[in-house]
Amino acid sequence: MDYEDVEYEDLNGVARIWHNRPQVRNAESQRLLDEIDSAMRCAAEDPSIRVVILGGRGDHFSAGHDLKEAQANRADFTVEQRWAYEELRYYEYALNIFDLPKPTIAQVQGACVAGGFMLANMCDLVVAAEDAFFADPVAHSLGAAAVEVLIHPWVMGMRKAKEMLFTGQRMDAAEALRIGMVNRVVPRAELEDATLALARRIAEAPPFGLKLLKRSLNRGLDIQGLRTALEAHFDTHQLSHLTEGFKQARDRGLSGAIKAGKDTLK
Ligand code: ZN
């Protein structure tokens, strides 16, 4: 497995897949997303792997989709082109993580923002460092209707989700723990070991039973309408890319959005 923007670690029964662009806060480029999807498939198909961890090298989990690359390569996309791009790389890749037939754990430090927040919350469990923070600022920075997968109310409750999305403001790790959005908060220096220890504990259970258990739990969410709600939002999100508010942000060269994103990182 030869990856450039991702690192795949085989830790004897546990796979740890890293966003590996620390120099740009693990901004999710097209290649990085393609490689994460490929690495997830490898982990799913490898019978020796029982649990998968999704992390990020450096100071941040991920600041979200690579907006500079989007501006350079996709600013003039037609509706049809953007739909196809986002349906595959944002929506389907995310749901592939949600549907992975093995338990998954997000290992989060620093920024876990927008597209990064979306991917982390596709994982079954979340272990956060004390310095982790969570935000989806794109209603403010881009005039967009959140990110492509509106997982927010399902992981933090409707009231908090509306606050996060309407204000664009951060939630810190302590608050995320208090409301049950993350499972554990640990000192930054202990994040990797604590996440791996949790993965190893889960990996002690026979894998087929875990697969069936995850299937049942996720089906419980589907019965409550999760997938239908996510699909409906994807369509609405596409509409939000065509609004005057979004066009103005795009015509400012997205530099304003990138700067607003950086402000969120401060
Ligand atoms: Zn989008």
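These are short exercises with worked solutions on the structure above.

The model is predicted: local features need pLDDT of at least 70, side-chain atom pairs count only at pLDDT 80 or more, and totals for chains, interfaces and linings use all residues. Residues are numbered from 1 along each chain as its sequence is written, and side-chain values use heavy atoms, with hydrogens and water left out.

**Exercise 1. The zinc site**

Task: Find which residues coordinate the zinc ion, and how they are spaced in sequence.

Solution:
- Start with the cut-off. Donors are N, O and S atoms within 2.8 Å of the metal (3.2 Å for Na, K and Ca); water is not among the atoms, so sites may look incomplete.
- List the donors. E86 gives two OE entries, E148 gives one OE, and H237 and H241 each bind through NE2.
- Read the distances. They run from 2.0 to 2.5 Å.
- Write the spacing. It is E-x61-E-x88-H-x3-H.
- Check the histidines. H237 and H241 are both buried. Buried means under 20% relative accessible area, exposed over 50%, and partly exposed in between (1.4 Å probe, protein chains only).

**Exercise 2. Two packed helices**

Task: Describe how α1 packs against α3.

Solution:
- Locate the helices. α1 covers residues 30–45, and α3 covers residues 79–98. Helices (H or I, at least four residues) and strands (E, at least two) are DSSP runs, numbered from the N terminus.
- Choose the descriptors. Two packed helices are described by the angle between their axes and the distance between the axes.
- Give the values. The angle is about 35°, and the axes are 10 Å apart. Axes are lines fitted to C-alpha atoms, for helices over the stretch in contact; angles run from 0 to 180 degrees between N-to-C directions.
- Assign the hand. α1 passes α3 in a left-handed crossing. That is, the near helix is turned anticlockwise from the far one by less than a right angle; clockwise would be right-handed.
- Name the residues. α1 supplies Q30, L33, D34, I36, D37, M40 and R41. α3 supplies Y85, R89, Y90, Y93, N96 and I97. Contact means heavy atoms within 4.5 Å.
- Sort them. The set holds 7 nonpolar, 2 polar and 4 charged residues. Ala, Val, Leu, Ile, Met, Phe, Trp, Tyr, Cys and Pro count as nonpolar, Asp, Glu, Lys and Arg as charged, and the others, Gly among them, as polar.

**Exercise 3. Two loop asparagines**

Task: Work out what the side chains of N26 and N121 reach.

Solution:
- Place N26. It lies in the loop between β2 (14–19) and α1.
- Classify N26. It counts as buried because its relative accessibility is 0%.
- Follow the N26 side chain. It reaches the backbone oxygen of F61 at 3.2 Å. A polar contact is a pair of N or O atoms within 3.5 Å; within protein, one must be able to donate a hydrogen and the other to accept it, and residues adjacent in sequence count only if both atoms are side-chain atoms.
- Look around N26. Beyond residues up to four places away in sequence, its contacts include H19, R57, H60 and S62.
- Place N121. It sits in the loop between α4 (115–120) and β6 (125–129).
- Classify N121. At 7% relative accessibility, it is buried.
- Follow the N121 side chain. It reaches the backbone oxygen of F117 at 2.9 Å.
- Look around N121. Leaving aside neighbours within four places in sequence, it contacts I151, V155 and M181.

**Exercise 4. Positive phi**

Task: Decide whether N12 and A146, with their positive phi, are buried or exposed.

Solution:
- Recall the background. Most residues other than glycine have a negative phi.
- Take N12. Its phi is about 60°, and its place is the loop between β1 (6–10) and β2. N12 is exposed because its relative accessibility is 68%.
- Take A146. Its phi is about 50°, and its place is the loop between α5 (138–141) and α6 (152–156). A146 is buried, at 9%.

**Exercise 5. A residue before the first strand**

Task: Find what E4 touches.

Solution:
- Place E4. It is in the segment before β1.
- Classify E4. It is exposed, with a relative accessible area of 55%.
- List the contacts. Not counting residues up to four places away in sequence, E4 touches N20, R31 and E35.
- Pick out the polar one. A polar contact of 3.3 Å joins the side chains of E4 and R31.
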